[in-house]
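This briefing is for a reader new to the structure. Look at the sequence and the model first, then read on.

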There are 2 protein chains.
Amino acid sequence: MGKGAETHETILQEAVALASVAGLEGVTIGTLATHTGLSKSGLFAHFGSKENLQVETLRAATERFVASVVSPALRKPAGIRRVRALFDNWVKWSGSQGRGGCLFVASAVELDDQEGPARDFLVEKQREWFDVIARTAQRAVDAGDFRPDLDCEQFAHDLYSHFLGYHHARRLMRDPKAEPRARAAFEQLLRNAQ
Amino acid sequence: MGKGAETHETILQEAVALASVAGLEGVTIGTLATHTGLSKSGLFAHFGSKENLQVETLRAATERFVASVVSPALRKPAGIRRVRALFDNWVKWSGSQGRGGCLFVASAVELDDQEGPARDFLVEKQREWFDVIARTAQRAVDAGDFRPDLDCEQFAHDLYSHFLGYHHARRLMRDPKAEPRARAAFEQLLRNAQ
DNA sequence: GCGAAAAACGAACGTTCGTGCTTTTTTCTG
DNA sequence: CAGAAAAAAGCACGAACGTTCGTTTTTCGC
């Protein structure tokens, strides 16, 4: 990897960390330059536009998310264990994000009314993630862990909701019961699916 | 109401509408002045600081929320019907917010890491809203609609999660199934509580 | 180690941001 | 209706925003 690509990576790493705290719009060229020890113009040249920086930041965050949440879970045996791994990894990952929260939750709210490539990218990746959950539930049905008439898309939607509830309780409300509540809700979701 | 207070009200009305679309931070003194036909300095004099404007915007939004969601529901007979009214009003109100989404959801993500009076105010009101839900569930237990050993705080947490899931599916994903999914999840929540 | 290519810098641009002042206009009260 | 009080405007400020451009420094292939 050449020097340029290396710096590029470093910038994106910092951008993801910063965005988790201040949101996508909060990642300003100036502050990002300061944090990386680069000049504004030097940093800017790597991306060509703020919009592109935002998309690349989301892309970098997605890579990390897949590597630490999705891929490990997909290595578990299909069925309820894999479903558990998905949710468990998700919650653990969210809690390990330093001071910040889940960048995707933050971006979802920030971009829901902002047409453009950043929104398009986020929606696409969220859709993929939703489908992974739904398919994983379907595999659990196939394995006999879940009842045959389960609505897997509804299951994915509900799982997603429980994560959002967890995120809200932990991040805004700073409720120490956030995680146990989320886990209780998840267990109930599993029971209803069996 | 004098002229001053009237203008004050008009500004806040516009601020709430604008914040629902662009977020709290997106409500800039300049754009707000343009939308209300005032000068920047003239508008600014009403609030003294941007921070105070944000708090007042949240306060105005809270008033509207209570008037169109909470109060009508509390006029229903205690029990499961009131619980239904809470969720129903909430979902309907969220869908009727014009182009924007729920300001509280947007602010929750925006302010979760931003220490200050705006955050404090939001957390306080969210806490109150959470308590209203939990107490309403308790009244349903008392009325015999819900089982006696129901964890009412968990119920409130779950209800909240389902709203967040609905909001996410509708606003970011623009999923036409968002509302039926949320309603299905809510019905399941009720069934589990009985 | 030389020279081309890539990377980073420094300075400036036009805007917009929130926030002070002072002055003018409008509203309310006696 | 006059005069006080309130409201709004006008103007300016320093800072930060994204972006452009020309120059300097660093990296890398030969």
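In which kind of crossing, left-handed or right-handed, does H6(A) pass H6(B)? The crossing is left-handed. The model is a predicted one, and the points below cover this helix pair, the relation of the two copies and the contact between them.

**The H6 pair**
- Helix H6 of chain A and helix H6 of chain B each span residues 103-111, and their axes come within 9 Å of each other.
- The axes cross at roughly 135°, and H6(A) and H6(B) are therefore oblique to each other.
- On H6(A) the contact is made by Val105(A), Ala106(A) and Val109(A), and on H6(B) by Val105(B), Ala106(B) and Val109(B).
- The residues of this contact comprise six nonpolar, no polar and no charged.

**Relation of the two copies**
- A turn of 180° with a shift of 0.0 Å along the axis lays chain A on chain B, with an RMSD of 0.0 Å.
- The two copies are thus related as by a two-fold rotation axis.
- Ser161(A) is the residue of chain A that comes closest to the rotation axis, its C-alpha being at 2.6 Å.
- Both copies use the same surface, as 100% of the contact residues of chain A recur in chain B.

**The contact between the chains**
- In total, 32 residues of chain A are in contact with 32 residues of chain B.
- On the side of chain A that touches chain B, two or more residues come from each of H6, H7 (117-142), H8 (152-171) and H9 (178-193) of chain A.
- H8(A) gives the most to that side, with 11 residues.
- By class, that side of chain A has 13 nonpolar, 12 polar and seven charged residues.

Key
Residues numbered from 1 in each chain as written. Chains lettered and ligands numbered in written order. Predicted model: local features only at pLDDT ≥ 70, side-chain atom pairs only at ≥ 80, totals over all residues. Axes fitted to C-alpha atoms, helices over the stretch in contact; angles between N-to-C directions. Helix = DSSP H or I, 4+ residues; strand = E, 2+ residues; numbered from the N terminus. Parallel < 35°, antiparallel > 145°, perpendicular 65-115°, else oblique. Left-handed = near helix turned anticlockwise from the far one by under 90°. Contact = placed C-beta atoms within 7 Å. Nonpolar A, V, L, I, M, F, W, Y, C, P; charged D, E, K, R; others polar. Least-squares fit on C-alpha atoms with pLDDT ≥ 70 in both.
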